[in-house]
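The following paragraphs lead the reader through one protein model, from a single residue to the overall fold and back to local detail. Please keep the sequence and the coordinates at hand while reading.

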Amino acid sequence: MKESSRKQGAPSPCAACKLLRRRCAEDCVFAPYFPADEPHKFASVHKVFGASNVNKMLQELPEHQRGDAVSSMVYEANARVRDPVYGCVGAISSLQQQIDMLQAQLALAQAEVVHLRMRQLSSTANYNTSENASPSSRGRQPHHAKSHFNMDMAMEEANMDDSFWP
């Protein structure tokens, strides 16, 4: 148990007992998790869950799990105060939407990189082909099929006469 919020001789009530206006006993289940210097923690938990329910939950848990349970209750209570309808689920849903949007942006950026690399390889191959062409064929324009890149990341069939490799 945390004894930092209690002084020797005259115990300072924890935030829970202070809010509930009761005497804080030595074995108060709230004292280790709701110190007097953090009254907002218990206030939001009490508003959402109720002191009686919090007391029951903490007493049913082994002592080593109570700190994590209180942290979860404080987080959920704060989320519920900010968003009374969805609480934590609203925050999770919002984050999931952001992830989906960023994944779509990443896919578009990756597709653009692939497209630019294909254009670079194609232009490099065209330059090498015209440089190595015989003098009689330099006057003619080389025949190239247009390469298109759509959102499905599929390329139309390119002219296979022009090799990408010199």
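Asp68 is exposed, with a relative accessible area of 58%. The residue belongs to helix α4. Its C-alpha atom is separated by 9.8 Å from that of Tyr33, although Asp68 and Tyr33 are 35 residues apart along the chain. These values, like all that follow, are computed from a predicted model.

The setting of this residue is a helical protein. Five helices and zero strands are present, and the order of elements from the N terminus is α-α-α-α-α. The chain has 166 residues, of which 24% count as buried. Among contacts between residues at least 6 apart in sequence, 45% join residues at least 24 apart.

Helix α2 offers a convenient point of entry to the packing. This helix spans residues 39–49, and Phe42, Ser44 and Val45 are buried within it. These buried residues cover an arc of only 165° around the axis, and they therefore lie on the same side of α2. On the face of α2 turned away from that buried side are the exposed residues His40 and Lys47. Which helices pack against the buried residues of α2? They are α1 (15–20), α3 (51–60) and α4 (63–82).

The next helix in the chain, α3, can be read in the same way. Its buried residues are Ala51, Val54 and Leu58. Viewed down the axis of α3, these residues fall within an arc of 65°, so they line one face of the helix. The exposed residues Gln59 and Glu60 are carried on the face of α3 turned away from its buried side. Among the elements that cover the buried residues of α3 are α1, α2 and α4.

The relation between neighbouring helices can now be made explicit. Two packed helices are described by the angle between their axes and the distance between the axes. For α2 and α3, the axes come within 7 Å and cross at roughly 100°. Angles of 65 to 115 degrees count as roughly perpendicular, and α2 and α3 are therefore roughly perpendicular to each other. On the α2 side the contact is made by Phe42, Val45, His46 and Phe49, and on the α3 side by Ala51, Asn53, Val54 and Met57. Phe42 and Val45 are among the buried residues of α2, while Ala51 and Val54 are among those of α3. Between these helices, α2 is followed by Gly50, which has a positive phi near 90°.

The pairing of α2 with α4 has its own geometry. Here the axes come within 8 Å and cross at roughly 70°, so α2 and α4 are also roughly perpendicular to each other. Helix α2 contributes Lys41, Ser44, Val45, Lys47, Val48 and Phe49 to this contact, and α4 contributes Met73, Val74, Glu76, Ala77, Asn78, Arg80 and Val81. Val45 and Phe49 also take part in the contact with α3.

Several of the charged residues in this region deserve separate attention. The count of salt bridges comes to two. One of them joins Arg80 and Glu76, with an N to O distance of 3.3 Å. Both residues lie in helix α4, four residues apart, about one turn of the helix. Arg80 counts as partly exposed, at 27% relative accessibility. The other salt bridge links Lys41 with Glu38, their closest N and O atoms being 3.3 Å apart. Glu38 is partly exposed, with a relative accessible area of 27%.

Where is Arg21 found? This residue is located in the loop between α1 and α2. Its phi is near 55°, a positive value in a residue other than glycine. At 78% relative accessibility, Arg21 counts as exposed.

The last region to consider is drawn from an annotation. An unreviewed UniProt entry places the feature "coiled-coil region" at residues 92–119. In the predicted model, the chain over residues 92–119 is 100% helix and 0% strand. The C-alpha atoms at the ends of this stretch are 41 Å apart.

Notes
Residues are numbered from 1 along each chain as its sequence is written. This is a predicted model: local features need pLDDT of at least 70, side-chain atom pairs count only at pLDDT 80 or more; totals for chains, interfaces and linings use all residues. Side-chain values use heavy atoms; hydrogens and water are left out. Buried means under 20% relative accessible area, exposed over 50%, partly exposed in between (1.4 Å probe, protein chains only). Helices (H or I, at least four residues) and strands (E, at least two) are DSSP runs, numbered from the N terminus. The arc is that of the directions from the helix axis to the C-beta atoms. Contact means heavy atoms within 4.5 Å. A salt bridge is a side-chain nitrogen of Lys or Arg within 4 Å of a carboxyl oxygen of Asp or Glu. UniProt positions are given in the numbering used here, feature names are shortened, and annotations may be inferred rather than shown by experiment. Axes are lines fitted to C-alpha atoms, for helices over the stretch in contact, and angles run from 0 to 180 degrees between N-to-C directions. Angles under 35 degrees count as roughly parallel, over 145 as roughly antiparallel, 65 to 115 as roughly perpendicular and the rest as oblique.
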